[in-house]
Amino acid sequence: MGEVNHIRVVAKYAARLGQCFSTTRVPRASPIGQAIVQIQDIEHNGWCFTDGVGKIAPSRAKFLVQNLIWKKSGQTIPSVFQFRLGGSKGILVQWPDVPFNEVHLRPSQNKFTAVSKGLEIIKTSRFSVATLNRQTIVILSCLGVQDAVLQDMMKKQVANYERAMEDPQVALQLLSKYVDQNGVTTTMAQMIVDGFMGTKEPFFMTILQVWRAWSMRLLREKARIVVDQGAFVFGCADETGTLRGHSETKTSNGNGKDPNSLPQIFLQVPKGGIKPGEQPEYTVITGICMLGRNPSLHPGDIRVVQAVDVPALRHLRDVVVFPIVGDRDIPSMCSGGDLDGDDYFVIWDPQLIPQEWNYPPMLHDTVKPMELKRDVRVADLISFFVRYMKNDALSTIAHAHLAKSDALFDGPKNSQCVELAKLHSNAVDYPKTGQEAYLKPSLRPKRFPHFMEKPPHKTYHSNKILGKLYDQVAKIDFKPNLGGAFDERLLRRYALKDDLLKTVRMIKRQYDRAMLQIMNQHDVETEFEVWSTFILTRPRVGSEYKRQESMDPVITSHRQRFKEACTKLAGSRDPKSIYPVVAATYRVTWEEVQLVQASRQQRSTEEMPLISFPWIFEYELGKIATLNGEFELKELPEPSMASLDDDEGNDDDEFERLVRTRVIGGKGEVNGSGNGDDNGNGDDPETQETSLMNKIQATEEVEEDMAVSEEIVELEEGEEDARMDALARLAI
């Protein structure tokens, strides 16, 4: 794993061990080897301007993408890769001056020494729409943004969600523009283009309902207002040194409005969002912007900057570039951020630019970590975990800050709120320092505003901005409605043979079991929430913070596992081979629903079978639905009763035998489609069964590019959620 014995701080020791267990994807090694070049960090006045940033060649970035399995929605080579390499972590940014086989790392990225030198990718830069939340709105309000502006934004957004449920064009526009951090809305937009909203396909219509319910819930409970003129992206450093940095002298007067006094950033994002099936057209943002990082509790966490166009930086997309000159780095002023993978929101909507520019940033009190005088032991990890669970006050402090900000006249600028903001910062660092943040009784609110949904005897009705926004949104309940008809374009496209359907039914049973395990493990009520990562329920244990982000690797690994199985069954990735198998996944799902409905025993949605299985192939289903040419079936097939006779006792063995096979470079269609048999034996069930079983019994190694890392909990510095769950597993 690496040499970590020199670390005597228990929490940091656990974090370094957890670094080795990040959920990553491993690309093929460089064909000409890899050289790790150490470069220096850029520091001024004790501040590090390149904390967590390394460099990589554009040609190597292209090579990485070509050798990893990315979603088909990705149209461009990412500018930034969040990575792990031995004991190093952070991000790698494309720079033309880097040779193909070199990876440039800085001391701030090296956490411990390790034998492994393999480059592993966690996440890449991507565009996501910027959103406001309760904490940000409170700060903006105290800095002079008018309540009417925020209320009008909320009103328009609620109306748009209502229209999107009936009008495909409105839904397509919103999904393309309001891109979530996992890119699911882009996938949904493509499904509309493929006609699934027009046919009222039940899975898609249910996912659309989940998206609306999730969005409305976040509007009501979190004041998550989507900002059209905004982006949520990684941050990186301007290696050219072109951008103007922060000057203490020029910004000492917080009410000054001279753009020439502002620090500069560079930002290039898709024009009008990400439209399905199209290469994004990028535009460079220029002008005055508001910038920050979640969570923002102090008025100084929101910075006003000037976005400029720098030709030397135009190769960087979907990332905000910060200056490396000045008196202090910008990221550290944004809630103590850095550049090792932190996301920043950038907003250039003139209505949301604060009247008061660049309130003095909060000075974070450095808490000295508790350091042992000996090596860390497993018992120390267990002891710290118990102590953390007992003393962690992060959510309590955040709630106290929100309540005090609403109750006190000057809101977040009040001395009590400033003290709570500092306590919150210390609580975030608790897992790294081992020093808990103590919330004094005098800072605990006695009553809470109604939008916090506390017990009635502790509640008052707030007339401030968050109370007004809360009252604008009605509570939406999500109840899946699966009564719609499945898409005939998919059911009639191929004449599928019984042996293929039988094997696909076996794969679906395995898929359903795995999906139910995910739902149980992560406290998710429906498969639609898992598939979309739009989780509607609160977890029984832990925080909701970054829940959507943490679900992405879970569902990605799950989908890829069963896509592999179906691809191996097809024998080839060629469309002529894989499309009939994909159609079979849709057919067997439809048959299950038909059998349940015909039995007249279904009394509730909970008794319906799971229907997300075919949609691991949402791209291929869209291609099949839009194919030109005759359908092989003149009418809908009769639902088969064969599933009632399937022997499920051998499912596990059959599935494991299937996933061990190698994808064969087939020439034609899978032997199971009506026109896929070139030997004249298409009507001989025994011949078909033998052909399929021969494919399943092949035991060659799985191709390298189909390998996907299994889900492992990531133990990350600065990410308070899930950290302790990971520590608990580590200690055990």
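**View 1. Strands β11 and β16 run side by side in this predicted model.** Let's start here: β11 and β16 pair in the parallel sense, with four bridges between them. If you want one spot to look at, find G235, whose bridge partner in β16 is V320. The model shown in this view and in the ones below is a predicted one.

**View 2. Strand β16 also pairs with β12.** Here the strand β12, residues 264-270, meets β16 in the antiparallel sense, and two bridges hold the pairing. L267 has V320 as its bridge partner in β16. You've met V320 already, as the bridge partner of G235. Which way do the residues of β16 point? V319 and V321 go one way from the strand, while V320 and F322 go the other way. All of them are buried.

**View 3. Six strands make up an open sheet.** Follow the strands across in the order β1-β7-β4-β6-β5-β8, and you'll find that the pairing is mixed. At the edges sit β1 (35-38) and β8, each of which pairs on one side only. From one strand to the next, the twist averages 30°.

**View 4. A closer look at β5 and β8.** These two strands run antiparallel and are joined by five bridges. One residue pair to pick out is F81 with T124, its bridge partner in β8. Keep T124 in mind, as this residue is also part of the lining of the largest cavity.

**View 5. Helix α2 has several buried residues.** The helix spans residues 58-66, and R60, A61, F63, L64 and V65 in it are buried. What covers them? The cover includes the strands β4 (53-56), β5 (80-85), β6 (88-94), β7 (102-105) and β8.

**View 6. The largest cavity holds about 80 Å³ of space.** It's one of four cavities of 30 Å³ or more in the structure. Around it you'll find K123, T124, S125, R126, S128, Q181, F232, V233, F234 and D343. Both β8 (119-124) and β11 (230-237) supply at least two residues of this lining, and β11 gives the most, with three. By class, the lining splits into three nonpolar, four polar and three charged residues.

**View 7. The second largest cavity has a volume of about 60 Å³.** Its lining is made of V129, Y161, Y178, V179, D180, T185, W211, W214, S215, R224 and V226. Which helix gives the largest share of this lining? That's α7 (residues 202-222), with three residues. Seven of the lining residues are nonpolar, two are polar and two are charged.

**View 8. The second largest pocket has a volume of about 690 Å³.** Lining this pocket are 30 residues, and the closest to its centre are F478, E525, T526, E529 and L536. The elements giving two or more residues to the lining are α7, α14 (498-521) and α15 (527-532). Helix α7 shows up again, giving the most to this pocket's lining with five residues. As for the mix of classes, the pocket's lining has 15 nonpolar, three polar and 12 charged residues.

Methods:
Residues are numbered from 1 along each chain as its sequence is written. This is a predicted model: local features need pLDDT of at least 70, side-chain atom pairs count only at pLDDT 80 or more; totals for chains, interfaces and linings use all residues. Side-chain values use heavy atoms; hydrogens and water are left out. On a 1 Å grid over the protein atoms alone, a cavity is a set of points where a 1.4 Å probe fits but cannot get out, and a pocket is an open set with protein on both sides within 12 Å along at least five of seven lines; lining residues have an atom within 4 Å of a point. Grid points are joined across faces, edges and corners, and a volume is the space filled by probe spheres set on the points. Ala, Val, Leu, Ile, Met, Phe, Trp, Tyr, Cys and Pro count as nonpolar, Asp, Glu, Lys and Arg as charged, and the others, Gly among them, as polar. Buried means under 20% relative accessible area, exposed over 50%, partly exposed in between (1.4 Å probe, protein chains only). Contact means heavy atoms within 4.5 Å. Two strands pair if DSSP finds at least two bridges between them. Axes are lines fitted to C-alpha atoms, for helices over the stretch in contact, and angles run from 0 to 180 degrees between N-to-C directions.
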